[in-house]
Amino acid sequence: MPQNQPQNPYADLFSVAGKTAVITGGSSGLGLAMAEAYLRCGARVYITGRKPDQLEAARQELEVHGEVWTAQGDVATPEGVEVLRAALKDEDKLHVLINNA
């Protein structure tokens, strides 16, 4: 960056580096794209999805960009919410929740 350019005043404000994000429906389409973007920006990402094979394929695709975990289930059901809660049990904070599913 040239010296006469001011620093981006929003870089820290909108940074997700070191933050924890959950993206429901993160195994395909927009959810997968958002998961990749958050990972590339330094977030730890949990993705959910109903289809185990698709979810695992997404995890493998995404893991080259950072820390990614999966929670397989339908978050529209109590059982799916419980699976997600169990996956997050060791997290101190959840910083970002994207309800994409």
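**Figure 1. Ala 37 on helix H1 is partly exposed.** Its relative accessible area is 38%, where partly exposed covers the range between buried (under 20%) and exposed (over 50%), computed with a 1.4 Å probe on protein chains only. Ala 37 is found in helix H1; helices (H or I, at least four residues) and strands (E, at least two) are DSSP runs numbered from the N terminus. The C-alpha atoms of Ala 37 and Ala 11 are separated by 15 Å, with their positions 26 residues apart along the chain. Please keep in mind that this is a predicted model, in which local features need pLDDT of at least 70, side-chain atom pairs count only at pLDDT 80 or more, and totals for chains, interfaces and linings use all residues. Residues are numbered from 1 along each chain as its sequence is written, and side-chain values use heavy atoms, with hydrogens and water left out.

**Figure 2. Gly 29, also in helix H1, is exposed.** Here the relative accessibility is 55%. Gly 29 and Asn 100 are 71 residues apart along the chain, and their C-alpha atoms are separated by 9.8 Å.

**Figure 3. Ser 27 is a buried loop residue.** Which two elements does the loop holding Ser 27 connect? The loop runs between E1 and H1. Ser 27 counts as buried because its relative accessible area is 11%. Setting aside neighbours within four places in sequence, Ser 27 is in contact (heavy atoms within 4.5 Å) with Leu 32, Ile 47, Thr 48, Gly 49, Gln 54, Leu 55 and Ala 58.

**Figure 4. Strand E2 is mostly covered.** Five of the six residues in E2 are buried. One residue to look at is Thr 48, which lies in this strand and has a relative accessible area of 2%. Beyond its neighbours within four places in sequence, the contacts of Thr 48 include Ile 23, Thr 24, Gly 25 and Gly 26, as well as Val 75 and Leu 84. Ser 27 is also among the contacts of Thr 48.

**Figure 5. E1 pairs in the parallel sense with E2 and with E4.** Two strands pair if DSSP finds at least two bridges between them. How many bridges link E1 and E2? There are four, and the pairing of E1 with E4 also runs over four bridges. Val 22 is a handy residue to follow here: its bridge partner in E2 is Tyr 46, while in E4 it stands opposite Leu 97.

**Figure 6. The side chains of E4 alternate between two faces.** Val 96 and Ile 98 point to one face and are buried, whereas Leu 97 and Asn 99 point to the other and are not. Val 96, a residue of strand E4, counts as buried because its relative accessibility is 16%. Not counting residues up to four places away in sequence, Val 96 touches Thr 20, Ala 21, Val 22 and Tyr 38. Val 96 and Ala 21 are 75 residues apart in sequence, yet their C-alpha atoms are 4.5 Å apart in space.

**Figure 7. The largest nonpolar core has 15 residues.** A nonpolar core is a set of buried Ala, Val, Leu, Ile, Met, Phe, Trp, Tyr and Cys residues joined through side-chain atoms within 4.5 Å. Those with the most contacts inside this core are Ile 23, Ala 35, Leu 39, Val 45, Ile 47, Leu 62 and Val 68. Two or more residues each come from strand E1 (20-24), helix H1 (29-40), strand E2 (44-49), helix H2 (52-62) and strand E4 (96-99). Apart from this core lies another, of five residues, among them Val 22, Ala 71, Leu 84 and Leu 88. In soluble globular proteins, nonpolar side chains tend to be buried together. Ile 47 is worth a closer look: leaving aside neighbours within four places in sequence, its contacts include Ile 23, Ala 35, Leu 55, Leu 62, Val 68 and Trp 69.

**Figure 8. The whole chain follows the pattern β-α-β-α-β-α-β.** The protein chain has three helices and four strands, and its C-alpha trace spans about 55 × 25 × 20 Å along the principal axes. Buried residues make up 31% of the 101 residues. Among contacts with a separation of 6 or more, 56% join residues 24 or more positions apart.
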